[in-house]
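Here are a few exercises on helix geometry and packing, each with a worked solution. Grab your favourite viewer and work along.

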Amino acid sequence: MSDAITFDERLDTSGLLCPLPVYKAGLVLGRLEAGKVLHLITTDPGSLEDIPALARQRGDELLDVEDRGATQLFWLKKGPTERDGHK
Amino acid sequence: MTLLAENPTPATRAVEAPVKTKRIALVAAKGTLDQAYPPFILATTAASLGWEAGIYFTFYGLDIIHKKRSRRLKVASLANPSGPVQLPNLLGAIPGATAAATAVMNKWMRDAKMPPISEFVEMAQGLGVKFFACSTSMGVMGVKETDLIDGCLIAGAAAFLDYAATAEVQLFI
């Protein structure tokens with residue numbers, strides 16, 4: 001069960017539309033240490049595609065997703081942040 | 001090929017090699033309120049994904065980073081069949097129609113809890129989004145460096161193309 005996942009930080013973006021859930025989640029993930037878990041709550045239906053994309057692009061791990069209809073729940077584990085810079 | 005094979009999980013990828021920082025290069029060429037949003041939505045999203053992002057403000061797009069003019073961005077009521085106030089062109093031309101369309105769009109944005117452009121500018125700059133101000137547009141339209149918000153790099157097409165050349169995504173808005 002997703003509810004059993006322990007997390008280090010919780011962010012509720014209910015009522016906010018793109019890009020705000022991604023923007024706010026990005027700010028939190030940016031300051032979390034690698035391995036820490038963010039529990040994100042959204043109501044923007046686009047989040048079901050956007051948050052997995054956020055995790056994929058940032059290199060974080062999407063532990064679980066739960067679509068409760070009006071609300072979407074996500075658990076994101078901060079990945080290693082090493083990047084080789086832009087060439 | 002399965003979808004999974006084409007898109008390896010970030011965890012797998014991170015073990016194999018460090019993630020290369022991607023870049024998006026945007027051109028903001030329009031100075032209406034409705035057209036000011038897309039470059040900022042895309043730039044702040046890209047920066048949130050861990051990408052580098054830059055916006056080249058050119059021609060009427062310069063208004064978005066103009067200290068005074070950015071506070072007066074409007075939505076066209078004329079020749080804008082999708083606009084917030086559905087008016088025939090004949091009525092769209094009457095005084096006050098543009099102000100009405102602008103007021104409706106601002107209300108839409110407020111009701112949807114979307115930040116105003118001034119706040120998007122701050123969000124973008126806070127995330128390190130690079131702002132290029134087109135020097136040619138400035139010369140043509142008589143815009144001085146002091147007219148623009150702080151933190152803009154005044155540059156021509158070559159400097160922007162140099163930035164855009166290594167961007168994975170380039171969009172003209």
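**Exercise 1.** In this predicted model, find how far helix α3 of chain B reaches from its first C-alpha to its last, and set that beside the span expected at 1.5 Å a residue.

*Solution.* Start with the boundaries: α3(B) covers residues 33-48, which is 16 residues. Its end-to-end reach is 23 Å, close to the expected 22 Å. Just beyond, α3(B) is followed by Gly50(B), with a positive phi near 95°.

**Exercise 2.** Work out how many residues of α3(B) are buried.

*Solution.* Count a residue as buried when 20 or more other C-beta atoms lie within 10 Å of its own. For α3(B) this gives 13 of the 16 residues, so the helix is largely enclosed by the rest of the structure.

**Exercise 3.** Describe how helix α1 of chain A (residues 20-31) packs against α3(B).

*Solution.* Take the axes to begin with: they come within 8 Å and cross at roughly 30°. Angles under 35 degrees count as roughly parallel, so α1(A) is roughly parallel to α3(B). The crossing is left-handed. Next, list the contacts: Val22(A), Tyr23(A) and Gly26(A) meet Thr44(B), Thr45(B) and Ser48(B). By class, these are 2 nonpolar, 4 polar and no charged residues.

**Exercise 4.** Now treat α1(A) and helix α2 of chain A (residues 47-58) likewise.

*Solution.* Their axes are 10 Å apart, at an angle of about 35°, and the crossing is right-handed. On the α1(A) side the contact residues include Pro21(A), Ala25(A) and Leu29(A), and on the α2(A) side Asp50(A), Leu54(A) and Arg58(A) are among them. The whole contact has 5 nonpolar, 2 polar and 2 charged residues.

Conventions: Residues numbered from 1 in each chain as written. Chains lettered and ligands numbered in written order. Predicted model: local features only at pLDDT ≥ 70, side-chain atom pairs only at ≥ 80, totals over all residues. Helix = DSSP H or I, 4+ residues; strand = E, 2+ residues; numbered from the N terminus. Expected span 1.5 Å × (residues − 1). Buried ≥ 20, exposed ≤ 12 C-beta atoms within 10 Å, placed from the backbone. Axes fitted to C-alpha atoms, helices over the stretch in contact; angles between N-to-C directions. Parallel < 35°, antiparallel > 145°, perpendicular 65-115°, else oblique. Left-handed = near helix turned anticlockwise from the far one by under 90°. Contact = placed C-beta atoms within 7 Å. Nonpolar A, V, L, I, M, F, W, Y, C, P; charged D, E, K, R; others polar.
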